[in-house]
Amino acid sequence: MIDFLRVNLDLLVFTILGVMSFLMVWFSVERYLYYRRVDTGRFDSEQELNVDLTRHLTLISTIGANAPYIGLLGTVAGILITFYDIGTAGGSVEVGTVLVGLALALKATAMGLLVAIPAIWSYNGLLRKVEVLTALWRGRRGSQ
C-alpha cells in the first residue's frame, strides 16, 4: 500500500483537485452567464425563483469548503510516506531527502488552497447576484 501511495499520491490528489477545479469553473461560468440573461419576470413565486437561481451553488460551496481538506489529506499521506521511508532506511537518512519529501507533500495543501479560494470567491459573488436578482424581483412584484 505504501509503495502504491508513493508512486500515485500526487496523481490521485491532483486528479481529484483538478476535477473539483474544473467543476467549480464550469458551474461558476454557467451561473454567471445565466444570471446575465435570466428573466425574473417569468417566475410566479419567490421560492421558484430562489430554486432556479441557486442551482449549482451548493456544489461550488462544497468544493470551496472541501478542497483544502483534500490537499491536507495529500500532505498528511506524503508526510507519512516520508516518515515511513525514514523508519525503514536503517539509520542512514539524508536530511536533503527528508526535506524534499516534506516539501513535495506540502504542495498538495497549496493546490487545495488554490482550488478553494477562487471557489469561495465565486460562490460569494454568485450568492450576492442571487440576492440582487431576488430583490429586483420583489421590487417588481411590489410595484404591480
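**Exercise 1. Locate Arg-128 and Glu-131 and describe how their side chains meet.**

Arg-128 and Glu-131 both belong to helix α4, where they stand 3 residues apart, about one turn of the helix; helices here are DSSP runs (H or I, at least four residues), numbered from the N terminus. The model is predicted, so that local features need pLDDT of at least 70 and side-chain atom pairs count only at pLDDT 80 or more, while totals for chains, interfaces and linings use all residues. Residues are numbered from 1 along each chain as its sequence is written, and side-chain values use heavy atoms, with hydrogens and water left out.

The next step is the contact itself: the two side chains, Arg-128 and Glu-131, meet in a salt bridge at 3.8 Å, N to O, the term being defined as a side-chain nitrogen of Lys or Arg within 4 Å of a carboxyl oxygen of Asp or Glu. Glu-131 is partly exposed, with a relative accessible area of 44%; buried means under 20%, exposed over 50%, and partly exposed in between, with a 1.4 Å probe and protein chains only.

**Exercise 2. Find which parts the salt bridge between Asp-10 and Lys-107 ties together.**

Begin with the distance: in the salt bridge of Asp-10 with Lys-107, the closest N and O atoms are 2.9 Å apart. Asp-10 lies in helix α1 and Lys-107 in helix α4 (residues 95-142), so the pair ties together parts that are 97 residues apart in sequence. As for accessibility, Asp-10 is partly exposed at 33% relative accessible area, and Lys-107 is partly exposed at 29%.

**Exercise 3. Decide whether Asp-52 is buried or partly exposed, and trace its salt-bridge network.**

The side chains of Asp-52 and Arg-42 meet in a salt bridge at 3.7 Å, N to O. Asp-52 lies in helix α2 (residues 46-53) and Arg-42 in the loop between α1 and α2, so this pair ties together parts that are 10 residues apart in sequence. Asp-52 is buried, with a relative accessible area of 11%, whereas Arg-42 is partly exposed at 48%. A network of salt bridges links Arg-42, Asp-52 and Arg-55, and a search of the whole structure finds 6 salt bridges.

**Exercise 4. Identify the residues that form a nonpolar patch on the surface.**

The patch is formed by Val-25, Val-29, Tyr-32 and Leu-33, which together have about 360 Å² of accessible area. Patch residues have over 30% relative accessible area and no salt bridge, with like charges joined within 9 Å and nonpolar side chains (Val, Leu, Ile, Met, Phe, Trp, Tyr) within 5 Å; areas come from the Shrake-Rupley method with a 1.4 Å probe, and for residues only the protein chains shown count as cover. One of the members, Leu-33, lies in helix α1 (residues 2-37) and is partly exposed, with a relative accessible area of 43%.

Technical notes: Helices (H or I, at least four residues) and strands (E, at least two) are DSSP runs, numbered from the N terminus.
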